[in-house]
Amino acid sequence: MKKSTNLFGKTCIALAIGALAPLGAHAAVDKEPLRIGAVSSVSGVFAQQGEEVLRGIQFAAEEANRKGGVDGRQVAVQVADDESTPEAGRRVAEKLARDGNNLLIGAIPTSISQAISQNLERWNALYVVVASKGDRLTGEACKPRMFRTNHSDAMDMAMFTEWMKGVKEKNFAVIAADYAWGRDSAEFFAKQAKSLGKSVPVSLFPPLGTKDFAPYIAQIKDAPNVDGIWVALAGRDLIAFTKQAKEFGLTSKHIIGHAAIMDFVVKATGDATKGVWGNIGYGAEIDTPANQAFVAAWKAKYKRVPTENEGQAYNGAQAIFEGVRKAGSVKPAEVAAALRGLSYDSVYGKVSMRAEDNQLVLPSYIGQVKVVDGQPRPVIEKRYDVALVPAPNGSCKLK
């Protein structure tokens, strides 16, 4: 197995990152390897997030191999660049699966995850969602072989609704990416804001790839009585908006970000995100034995704590490992059957894969960007128990 020397190079299309560490002394060398196909963005608008996701998957594979593998199987990972588009994502995922790397993981946006999920049985593959939030993935577009290990939009919004009961601002502008996830986020926010007696007089949807947000910022500033802003942008667009919002004085308003206060954004924008609140999918502050061990191991290697995307990707890889252990197999259909309804210990504590829609049920977190050890980063401020997680909406039909 070839060892990667340039995991995130811009020209990378697919390369092996298996054999990252020697197998432990007790590994069963006669067992079929656990072959993961990591589909994420090496190029395009989601490249920064994709780099972090791939790093988290790589770390999980290295760690497992040092401990003798998973169920005595070597973990091998093959990476493919989805170029931040659904068509490229579907194409490279199919190649990975047909080449035998059919335990798939890793795309960022809902649109790519949905493109992959529609073909899983035809490819004889399984797919674990680690970053895509659109509710359709565990709703009307659910598939028996697709599992989500990160928070859905509905989970985020249930938490935001509870938290926003204490937010004094009444009139919000929404700026959301003009694709499935951004539209869903805006719709959910408007609905929940109305239920709390708040209004959304301005809703803006810049297309993906927008570089100049000045016209949108001007509309928000010109809107009377807007005292809060809901932001649901992604990747490089989110970075560009954040910088320009600071430049044009928009940060004086109460900004709430949906999947917005991530480390790559904070690092790219300096103090522009300081004080911004938002949901946090994973944080080093999560106080569980598994997470403490993960953070310690990560810091030993990278001299920093893991980011949200890195932690979520690591968690997704662990779900695959748990399914393989339970199934005693790496066959996608058997791993899928083992995962459905499975409860296990994770970095979030005890979690369960809900059998009705293949959504991992886990606590929710909200926080803000604060300065820690001289550097700004997202910090969890409040944890919400799984009792707040909404029940399945009934649109998922897995049988």
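Which residues of helix 3 are buried? Keep that in mind as you browse these close-ups of a predicted model.

**View 1. Helix 3 is mostly covered.** This helix runs through residues 110-117, and 6 of its 8 residues are buried. Here's the list to look for: T110, I112, S113, A115, I116 and S117. To earn the label "buried", a residue has to show under 20% relative accessible area.

**View 2. L34 and F321 sit in the largest nonpolar core.** There are 106 residues in this core, and L34 and F321 are the ones that touch the most other members. Zoom in on F321 and, skipping its neighbours within four places in sequence, you'll find it in contact with L34, I36, A60, A61, A64, V70 and V75. So L34 turns up again here, as one of the contacts of F321, with contact meaning heavy atoms within 4.5 Å.

**View 3. A second core stands separate from the largest one.** This one has 17 residues. Among them are A107, A125, Y127 and L137.

**View 4. The largest pocket has a volume of about 310 Å³.** Its lining is made of 14 residues, and the closest to the pocket's centre are R304, V305, V372, Q375 and R377. What kinds of residues make up the lining, by class? Count 5 nonpolar, 2 polar and 7 charged residues.

**View 5. Helix 9 and strand 16 help line the largest pocket.** Helix 9 covers 263-269 and strand 16 covers 375-384, and each supplies at least two residues of the lining. Strand 16 gives the largest share, with 4 residues.

Conventions:
Residues numbered from 1 in each chain as written. Predicted model: local features only at pLDDT ≥ 70, side-chain atom pairs only at ≥ 80, totals over all residues. Heavy atoms only, no water. Core = buried A, V, L, I, M, F, W, Y, C linked by side-chain atoms within 4.5 Å. Buried < 20%, exposed > 50% of the residue type's maximum accessible area, 1.4 Å probe, protein only. 1 Å grid on protein atoms, 1.4 Å probe; cavity = no way out; pocket = protein on both sides within 12 Å on 5 of 7 lines; lining within 4 Å. Points joined across faces, edges and corners; volume = space filled by probe spheres on them. Nonpolar A, V, L, I, M, F, W, Y, C, P; charged D, E, K, R; others polar.
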